[in-house]
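User: Hi! I'm new to reading protein structures. Could you walk me through this one?

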Protein chains: 2
Amino acid sequence: MDARPAYEALTVETLPDRLVTISVLADRVGPDPSAWTVEEVGDGNLNLVFIVGGDRGTVIVKQALPYVRLVGDSWPLPLYRAFFEYHALTRQAARDPGAVPEVYHFDETQALIVMEYLSPHVILRRKLIAGERVAGLAEFLGRYCARTSFRGSELSMASRDKKRDVALFAGNVEIPAITEALVFTDPYRDADMNSHTDGLEPLVAQLRADIELKVKVQQALQRFVSNTETMLHGDLHSGSIMSTDRESRVIDPEFVQYGPMGFDVGMLCANFLMAYFSQPAHRGEDLDEYQCWVLEVISELCSVFDKEFRSLWRSERTGILYPTVLFEDQGQDSTPACDAVLAGLWRDAWMVCGIEMHRRCLSLAHNADFEDIADTTVRARLEARNLMMGAELLRRAGTLEDAGAVCAMAREFNGKDIL
Amino acid sequence: MDARPAYEALTVETLPDRLVTISVLADRVGPDPSAWTVEEVGDGNLNLVFIVGGDRGTVIVKQALPYVRLVGDSWPLPLYRAFFEYHALTRQAARDPGAVPEVYHFDETQALIVMEYLSPHVILRRKLIAGERVAGLAEFLGRYCARTSFRGSELSMASRDKKRDVALFAGNVEIPAITEALVFTDPYRDADMNSHTDGLEPLVAQLRADIELKVKVQQALQRFVSNTETMLHGDLHSGSIMSTDRESRVIDPEFVQYGPMGFDVGMLCANFLMAYFSQPAHRGEDLDEYQCWVLEVISELCSVFDKEFRSLWRSERTGILYPTVLFEDQGQDSTPACDAVLAGLWRDAWMVCGIEMHRRCLSLAHNADFEDIADTTVRARLEARNLMMGAELLRRAGTLEDAGAVCAMAREFNGKDIL
């Protein structure tokens, strides 16, 4: 007999009474719920997020909503994504300790996670729009992406454990379906929920007319839906990162799924590139210098990724892929094998990067980097550079030397008057 | 309360009494079990296979053993593979009606499937060694491979159904692990269970010294373990096909897993190529003519695959990949997309083909095509051609024009004196 109450969305008013029995709240916030302060701060699309404070401290209570907030209850979404977020957070914490908020409590029925309150962290995207720098950002993100890529794959995991996880996360259907549609397909067709800045019509038409480009995008989708190389964050943009001026964390892994090892790092780089292209509308005299810093973050992030991945290759290659019995144990260097894995990984990454740059300007969920630009003429001009570089990345993904080549490409497009 | 008896291996003696309550046996064999004839004919490595006959007809009773027959009870294998075989057979029957034996009954606890008795079918490998032809073979196999590839993928299936199946078959761990080790890894290292014909030592050393080649093999393994494109048979060689002189069926899908769309057709072609290379030891005056026929089967099989896949692409592309909204609905031809998918599929296929040609001569499970050659000097000479062509296929997999190029390569190696 299951006597637990059915799912019900929390409110600022009902939260203290409803969560009073969770001992971790008494321990970490305070024993008297009537003394708790509760604030709802969710600015995402899918969840309620409460900051719950008291004399002992502050925690975050995150609860999934049964629909997409952005479009209302016409778009239902299963609550089970909290289950997947919880399992993603515990794995990420094990694979890169300290990179994600600590989980204190999980309630599957209420689709609710009580977790660490990050303060004075703010969403990285806001800092990038405001022209703020974060010390150690590239190193943190490069390491996080490399560690989760490597340690969630059969380069490292036992096959039995990895297959069990693939089966577990294959249950997350509706959330990846959002990515499959909004990211990989809708930008290249006339989808109902699409929108774009006035003036971009010729570029939209150009992308949709480019069959070769659409084939590449769909090849990336084919890999996204059927390549279970590692456990992804699945939505790693600058809105899924919280930072102070010297410390960062990765949040919100509810788009978790098994997918290509280059997916997260590719989407992440796209979001830095969009920060880069949008800067002329946000900066004054410090424009050049700040744009330089953003490109340095991309370049260093990728080089840290590469270094960390190679280090794990040497020290933690305990899975069935590229086993030492085939190389080192036969007195041979396995570096060519690691080179080949990384070449495929970066090809996937730059393709996803280009696609993410398209979808954030053409599909449903735009980003504030561009949306905060009130003057749509300026916005369209900057978005145009971003869109055309996305297409160029898709074309050249398999032959790009390294992130330096990507940054050089960004500088080139940043100087172009496309519209 | 589950009162069903625990698993117990059947014997010729116990089968009638133990299976008397299964109504399909009474219906299809005869109501009096004491009148049944029971013969055990399993020549595979993993199962008991009984032919059960009576006045109404004959059926096959296949029961999984909890260990690998070839090496005895020192290599335990879970009984659940009968569960996966059952689910594979029902899906294959739906995707290519008539291609697999009809299933009459499944008992999960006893790891037992009652299925259609194929007669006068014999194992195709025996026919190939005996120099016999099978009318319609290439057409049947090309169609089977194309239909199961296409219809088990997200080119056709709804994502929800495909993900559910990926999760289901991810539970099949130990059986794919055999392939992962015996096919992709052991041939290229000094594994305990390996064996090869005397005289091949220089070629074995050459393959193990070839780092570039081993990297390619491991890239194929990476795709095998983490690319869930479609539901594979997983062990589609000429011992998994039964034929009369004009009709064929595919049997024994217990190695089923989700994997690359080119896997089955690649392994299948390898087994025809091994039939081809072994013929000089089995034929007399009819050698040239029969070898020609074997190559024609490969070439036609691949061309039927291509044609059938393209036909399904046009008529059944209902999944989320390469959707018509991106091509046809925009007035564009999606043939370049189909070309790209097939190019990747054949690259995977020729890589698997080369690897299968290696493992059948170097790893644990050799095939009768070569093993039946008593004169080891002759055998080594023919196996050498096969091994070197396997390596060449791995090197050229990405750039081969079509199966015609593969057949030309086979003719070339067939004329070489390597040892």
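Analyst: Happy to! Let's start with a pair of helices: helix 9 and helix 12 of chain B cross in a left-handed way. Keep in mind that this is a predicted model.

User: Cool. What's the angle between helix 9 and helix 12 of chain B, and how far apart are their axes?

Analyst: The angle is about 115°, and the axes are 10 Å apart. Helix 9 covers residues 211-226 and helix 12 covers residues 335-362.

User: Which residues in helix 9 and helix 12 of chain B meet there?

Analyst: From helix 9 of chain B you have Lys216(B), Val217(B), Ala220(B) and Arg223(B). They meet Asp348(B), Met351(B), Val352(B) and Ile355(B) of helix 12 of chain B. Sorted by class, this contact has 5 nonpolar and 3 charged residues, with no polar ones.

User: Okay, new topic. How are chain A and chain B related?

Analyst: Turn chain A by 180°, with a shift of 0.0 Å along the axis, and it can be laid on chain B with an RMSD of 0.0 Å. The two copies are therefore related as by a two-fold rotation axis. Both copies use the same surface, too: 100% of the contact residues of chain A recur in chain B.

User: How many residues of each chain are in contact?

Analyst: On chain A there are 39, in contact with 39 residues of chain B. Helix 6, helix 7, helix 9 and helix 12 of chain A each supply at least two residues to chain A's side. Helix 9 of chain A gives the most to that side, with 10 residues.

User: And what's the mix by class on the side of chain A that touches chain B?

Analyst: That side has 19 nonpolar, 11 polar and 9 charged residues.

User: You mentioned helix 7. Is Glu174(A) buried or exposed?

Analyst: In between! Glu174(A) counts as partly exposed because it has 15 C-beta neighbours inside 10 Å, and a residue needs 20 or more to be buried. Glu174(A) belongs to helix 7 of chain A, residues 174-183. Leaving aside neighbours within four places in sequence, Glu174(A) is in contact with Leu77(A) and Pro78(A).

User: What about the inside? Which residues have the most contacts in the largest nonpolar core?

Analyst: Those are Ile298(A), Leu273(B) and Ile298(B), in a core of 243 residues. Not counting residues up to four places away in sequence, Ile298(A) touches Cys269(A), Phe272(A), Ala403(A), Val406(A) and Cys407(A).

User: Now prolines. Where is Pro260(A)?

Analyst: Pro260(A) sits in the loop between strand 12 and helix 10 of chain A. Pro260(A) counts as buried because it has 26 C-beta neighbours inside 10 Å. Among the residues Pro260(A) touches are Arg223(A), Phe224(A) and Asp348(A). Thr228(A) is 32 residues away along the chain, yet the C-alpha atoms of Pro260(A) and Thr228(A) are separated by 6.3 Å.

User: Which peptide bond in chain A is cis?

Analyst: One is the bond from Ser119(A) to Pro120(A), with omega near 10°. Pro120(A) is in the loop between strand 7 and strand 8 of chain A. In chain B, the bond from Ser119(B) to Pro120(B) is also cis, with omega near 10°.

User: Last one: what is phi for Ala111(A)?

Analyst: Phi of Ala111(A) is near 50°, a positive value in a residue other than glycine. Ala111(A) lies in the loop between strand 6 and strand 7 of chain A. For Asp252(A), phi is near 60°, also positive. Asp252(A) is buried, with 25 other C-beta atoms within 10 Å.

Definitions and conventions. Residues numbered from 1 in each chain as written. Chains lettered and ligands numbered in written order. Predicted model: local features only at pLDDT ≥ 70, side-chain atom pairs only at ≥ 80, totals over all residues. Helix = DSSP H or I, 4+ residues; strand = E, 2+ residues; numbered from the N terminus. Buried ≥ 20, exposed ≤ 12 C-beta atoms within 10 Å, placed from the backbone. Contact = placed C-beta atoms within 7 Å. Core = buried A, V, L, I, M, F, W, Y, C linked by C-beta atoms within 7 Å. Axes fitted to C-alpha atoms, helices over the stretch in contact; angles between N-to-C directions. Left-handed = near helix turned anticlockwise from the far one by under 90°. Nonpolar A, V, L, I, M, F, W, Y, C, P; charged D, E, K, R; others polar. Least-squares fit on C-alpha atoms with pLDDT ≥ 70 in both.
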